[in-house]
Amino acid sequence: MDILNILFPLLVLGAIGLIFGLVLGFVGKKFAVEADERVEKVRQCLGGANCGACGFAGCDAFAEAVVAGRAPVNGCTPGGNATAKAIGEIMGLEAGTLEPVVARVRCSGNCDNMVVRYEYKGMESCRAAAAIAGGPKACHFACVGLGDCRKACKFDAIVIENGVARIDPNRCTGCGMCEAACPRQIIHLLPRSQTILVACRNKAIGRIARLQCRTACVACGRCVKQCPSEAIAVVDGVAQIDETKCTRCGACVPACPMHCIHNLFEENLA
């Protein structure tokens, strides 16, 4: 009798579990959403870095968004035209041609050129250092040089040399993670073909900028006068190049007395 008292509840519970299992199995099959095989195909075209350049949480989310029509087939910047074409073929859409971009550091204020106001010994973070009295460097627009951009880069394209970030264009995929990580906003995604670069963002007046950094733009306007295509203008105290007009002639480079305009092609950095 005692055995029956034990077995009966167990049999009842087992029967209830079996019934629930059968019901759940039926409901699962009845209302199952079929996975679109194109999601996995798109996912296989992606690099898997989950860098977020596409604007989504990762490669899986981007693949789902492409198939759902919420993301363009050429939305993977690091993948470039080859990835866009492959995804376009899967989706039956024209990918178009992407203008390759690369991250550029618009600062030449290394340890040799920049005036340092104090020795920073805190957390190894550009954002943290910049929050203390504007940072250790005299120029508040300069690269802090503690590597927030390097930590954000998933492609090992950034090193810190002599207090300034340096980006290897051969490794850079143009994902933009370093641009978002820089608290000074001196890293910009620019067309890879744009090889004339003003490596300065100091907006202080000329005499102040000169005291802060030996390679600061002082808004003298010599580059403006030398440019045959009128592609340069001084805006907010800093020379800026209009890429739509620039012919890469390089006339502005030797004209700059502060040596803050660089021809990246000649410097083998393009």
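A salt bridge is here a side-chain nitrogen of Lys or Arg within 4 Å of a carboxyl oxygen of Asp or Glu. By that criterion the structure, which is a predicted model, holds 6 salt bridges. Three of them are taken up below, followed by the hairpins, two buried sites, a loop residue and a surface patch.

One of the salt bridges joins D36 to R38, with the closest N and O atoms 2.8 Å apart. D36 has a relative accessibility of 31% and counts as partly exposed. R38 falls into that class as well, at 29%. A further salt bridge pairs R43 with D60, and here the closest N and O atoms are 2.6 Å apart. Because R43 belongs to helix α2 (residues 37–45) and D60 to helix α3 (residues 59–68), this pair ties together parts that are 17 residues apart in sequence. R43 is partly exposed, its relative accessible area being 21%; the cut-off for buried is under 20%. D60 is also partly exposed, with a relative accessible area of 47%, while a residue must be over 50% to be called exposed.

The salt bridge between the side chains of E161 and R166, at 3.8 Å from N to O, leads to the first hairpin to be described. E161 lies in strand β2 (residues 158–161) and R166 in strand β3 (residues 164–167); these strands run antiparallel and are joined by 4 bridges. Within this pairing, I158 stands opposite I167 of β3. The hairpin has 2 residues between its strands, and N162 adopts a positive phi near 55°. As for solvent exposure, E161 is partly exposed, with a relative accessible area of 42%, and R166 is partly exposed at 38%.

A second hairpin is found further along the chain. Strands β6 (residues 232–235) and β7 (residues 238–241) run antiparallel, with 4 bridges joining them. A233 has Q240 in β7 as its bridge partner. Between β6 and β7 there are 2 residues, and D236 in the turn has a positive phi of about 55°.

The discussion now turns to individual residues away from these strands. T83 has its place in helix α4 (residues 80–91). Is T83 buried or exposed? With a relative accessibility of 12%, T83 counts as buried, because the class takes in values under 20%. A polar atom of the T83 side chain lies 3.2 Å from the backbone oxygen of G79. Once neighbours within four places in sequence are set aside, the contacts of T83 are with C45, L46 and C76. C45 belongs to helix α2, which spans residues 37–45.

Another buried position occurs in a loop. A216 is found between α8 (206–212) and α9 (222–226), and its relative accessible area of 2% makes it buried. Which residues does A216 touch, not counting those up to four places away in sequence? They are C200, N202, A209, M258 and C260. A209 is part of α8, the helix of residues 206–212. M258 is 42 residues from A216 in sequence, yet the two C-alpha atoms are 6.3 Å apart in space.

A133 is likewise a loop residue, placed between α5 (126–130) and α6 (148–152). A133 is exposed, with a relative accessible area of 52%; the class begins over 50%. Leaving out neighbours within four places in sequence, A133 is in contact with R117 and H140. The C-alpha atoms of A133 and R117 are 9.8 Å apart, and 16 residues separate the pair in sequence.

The last site is a nonpolar patch on the surface. L13, I16 and F20 form this patch, which together offers about 320 Å² of accessible area. I16 lies in helix α1, which covers residues 2–30. I16 counts as partly exposed, at 39% relative accessibility, and so meets the requirement of over 30% relative accessible area for patch residues.

Methods
Residues are numbered from 1 along each chain as its sequence is written. This is a predicted model: local features need pLDDT of at least 70, side-chain atom pairs count only at pLDDT 80 or more; totals for chains, interfaces and linings use all residues. Side-chain values use heavy atoms; hydrogens and water are left out. Buried means under 20% relative accessible area, exposed over 50%, partly exposed in between (1.4 Å probe, protein chains only). Contact means heavy atoms within 4.5 Å. Two strands pair if DSSP finds at least two bridges between them. A polar contact is a pair of N or O atoms within 3.5 Å; within protein, one must be able to donate a hydrogen and the other to accept it, and residues adjacent in sequence count only if both atoms are side-chain atoms. Patches are made of residues with over 30% relative accessible area and no salt bridge: like charges are joined within 9 Å, nonpolar side chains (Val, Leu, Ile, Met, Phe, Trp, Tyr) within 5 Å. Accessible areas come from the Shrake-Rupley method with a 1.4 Å probe; for residues, only the protein chains shown count as cover.
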